[in-house]
Amino acid sequence: TVERAGADVLIVHARKAWLHGLSPKENREIPPLNYPRVHQLKREFPGLRIVINGGIAGIDAALSQLAHVDGVMLGRAAYHDPYILAKLEQALFGTPAPERDDVLARMQPYIDAHVHGGDTLNHVGRHLLGLYLGLPGARAFRRYLSENMHRDDADFRAVAGAVAAMQMQRQAA
């Protein structure tokens, strides 16, 4: 029915949401993921582009899913570790992954425009917290940015300060 109505792409979450009895957090953990159901949907409707969502937490998992469906959505994995997107692009297309510092430098014009447009840094900054996940000094980066991005006058200088805090922690170690 959806295909006949003109849809050619379906984004399918592999977990059923229980509308009664579970909190939103519990709905992310308790109902089991059912990837085979989504794979079966692709087999039954090969003309539709099927994109899978739900619980895909790493590059290997994403690449594994692409053997069965046309696309993969990374939600929390990308939120907690935004650099996973660069690593996934590298795995899929051989694109050299940019240095994390270069990612931040490329974010500066966007952040400047965002802040100068009247919005606050924390709306962008919270998505940068995991950029250095797993690297030395990452905790100092997160801490500094978390403590400073909510200030009324916060701008890219808070991001630069977080990088400096990370570098100081690395030097001290």
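Right after helix 5, Gly94 adopts a positive phi of about 75°. That helix covers residues 84-93, and the model it belongs to is a predicted one. Below is a quick tour of helix 5, the main pocket, the aromatic rings and one arginine in helix 8.

**Helix 5 and its cover**
- Three residues of helix 5 are buried, namely Ile84, Ala86 and Leu88.
- Among the elements covering those buried residues are helix 3 (59-65) and helix 4 (76-80).

**The largest pocket**
- The largest pocket comes in at a volume of about 320 Å³.
- Its lining is made up of 15 residues.
- Nearest the pocket's centre you'll find His13, Arg15, Gly54, Gly55 and Arg76.
- Sorted by class, the lining has six polar, five nonpolar and four charged residues.

**Rings and a charge**
- Look for aromatic pairs and you'll get one in the structure.
- Tyr83 has a charge over its ring: the charged end of Arg100 sits there, 3.7 Å from the ring centre.

**Arg143**
- Arg143 is part of helix 8, which runs over residues 138-148.
- Is Arg143 buried, partly exposed or exposed? Its relative accessible area is 43%, and buried means under 20% while exposed means over 50%, so Arg143 counts as partly exposed.
- Measuring from C-alpha to C-alpha, Arg143 and Gln40 are 44 Å apart in space, with their positions 103 residues apart in sequence numbering.

Methods: Residues are numbered from 1 along each chain as its sequence is written. This is a predicted model: local features need pLDDT of at least 70, side-chain atom pairs count only at pLDDT 80 or more; totals for chains, interfaces and linings use all residues. Side-chain values use heavy atoms; hydrogens and water are left out. Helices (H or I, at least four residues) and strands (E, at least two) are DSSP runs, numbered from the N terminus. Buried means under 20% relative accessible area, exposed over 50%, partly exposed in between (1.4 Å probe, protein chains only). Rings of Phe, Tyr and Trp (its six-membered ring) pair if their centres lie within 6.5 Å; planes under 30 degrees apart count as stacked, over 60 as edge-to-face and the rest as tilted. A charge sits over a ring if NZ of Lys or CZ of Arg is within 6 Å of the ring centre and within 35 degrees of the ring normal. On a 1 Å grid over the protein atoms alone, a cavity is a set of points where a 1.4 Å probe fits but cannot get out, and a pocket is an open set with protein on both sides within 12 Å along at least five of seven lines; lining residues have an atom within 4 Å of a point. Grid points are joined across faces, edges and corners, and a volume is the space filled by probe spheres set on the points. Ala, Val, Leu, Ile, Met, Phe, Trp, Tyr, Cys and Pro count as nonpolar, Asp, Glu, Lys and Arg as charged, and the others, Gly among them, as polar. Contact means heavy atoms within 4.5 Å.
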